[in-house]
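Colleague: I should like to request a close look at a single part of this model. Please treat the chosen part in detail and then set it in its surroundings.

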Amino acid sequence: MYDKEVLVENQVGLHARPATFFIQKANEYKSSIWIEKDERKVNAKSLLGVLSLGIIGGTTVKIFADGPDETDAVEGLVELINSGFAE
């Protein structure tokens with residue numbers, strides 16, 4: 001299991017478009033991946049799950065992964081969030 005916290009800095013947070021990019025990236029990995037906000041954890045490969053967290057700009061989330069590429073998965077998703085989803 002590998003995890004890392006990241007601050008969502010883009011103003012709109014993970015609304016539909018960035019959330020779609022996020023789950024597409026998560027689905028590139030074999031590992032099981034979760035994203036957590038305020039002690040509520042959802043499957044990072046589920047669009048409805050990610051949207052249900054209501055992640056807005058300025059929110060810190062934790063990304064967890066467990067599997068053969070767990071480190072790459074977490075680091076790749078953190079990098080995507082840090083990029084601001086090109087918004």
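Over the face of which ring does Lys-41 lie at 4.2 Å from the ring centre?

Modeller: The model is a predicted one, and the ring in question is that of Phe-64: Lys-41 lies over its face, 4.2 Å from the ring centre. Lys-41 also lies over the face of Trp-34, there at 5.8 Å from the ring centre. Both placements satisfy the criterion for a charge over a ring, because that criterion asks for the Lys NZ or Arg CZ to be within 6 Å of the ring centre and within 35 degrees of the ring normal. As for rings paired with one another, the count of aromatic pairs comes to zero.

The strands around this site belong to an open sheet of four, ordered β1-β4-β2-β3 and paired in antiparallel fashion. Its edges are formed by β1 (2-8) and β3 (40-43), each of which pairs on one side only. On average, and with direction ignored, neighbouring strands of the sheet are turned by 25° against each other. In general, the strands of a sheet pair through backbone hydrogen bonds, either parallel or antiparallel.

The edge strand β3 runs antiparallel to β2 (residues 32-37), and four bridges join the two. Together β2 and β3 form a hairpin with two residues between them. Within the turn, Asp-38 has a positive phi of about 50°. Next to the turn, Lys-37 has Arg-40 in β3 as its bridge partner.

Beyond β3, the chain enters the loop that leads to α2 (47-52), and Lys-45 is found in this loop. Lys-45 counts as partly exposed because its relative accessibility is 24%, a value between the 20% and 50% limits that define this class. Leaving aside residues up to four places away in sequence, Lys-45 touches Ile-23, Ala-26, Asn-27, Tyr-29, Lys-30, Ser-31 and Ile-33. One of these contacts, Ile-23, is 22 residues from Lys-45 in sequence, yet their C-alpha atoms are 4.8 Å apart.

Helix α3 (residues 70-82) lies across β1, β2 and β4 (59-66), and the helix runs at about 0° to β1. A salt bridge joins the side chains of Lys-4 and Glu-75, with 3.0 Å from N to O. This pair links distant parts of the chain, since Lys-4 is in strand β1 and Glu-75 is in helix α3, 71 residues apart. Lys-4 is partly exposed, at a relative accessible area of 31%, and Glu-75 is likewise partly exposed, at 27%.

The model's salt bridges number two. Besides the Lys-4 and Glu-75 pair, Glu-28 forms one with Lys-25, where the closest N and O atoms are 3.6 Å apart. Glu-28 is classed as exposed because its relative accessible area is 54%, whereas Lys-25, at 25%, is partly exposed.

Notes: Residues numbered from 1 in each chain as written. Predicted model: local features only at pLDDT ≥ 70, side-chain atom pairs only at ≥ 80, totals over all residues. Heavy atoms only, no water. Pairing = 2+ DSSP bridges. Axes fitted to C-alpha atoms, helices over the stretch in contact; angles between N-to-C directions. Contact = heavy atoms within 4.5 Å. Phe/Tyr/Trp six-rings, centres within 6.5 Å; stacked < 30°, edge-to-face > 60°. Salt bridge = Lys/Arg side-chain N within 4 Å of Asp/Glu carboxyl O. Buried < 20%, exposed > 50% of the residue type's maximum accessible area, 1.4 Å probe, protein only.
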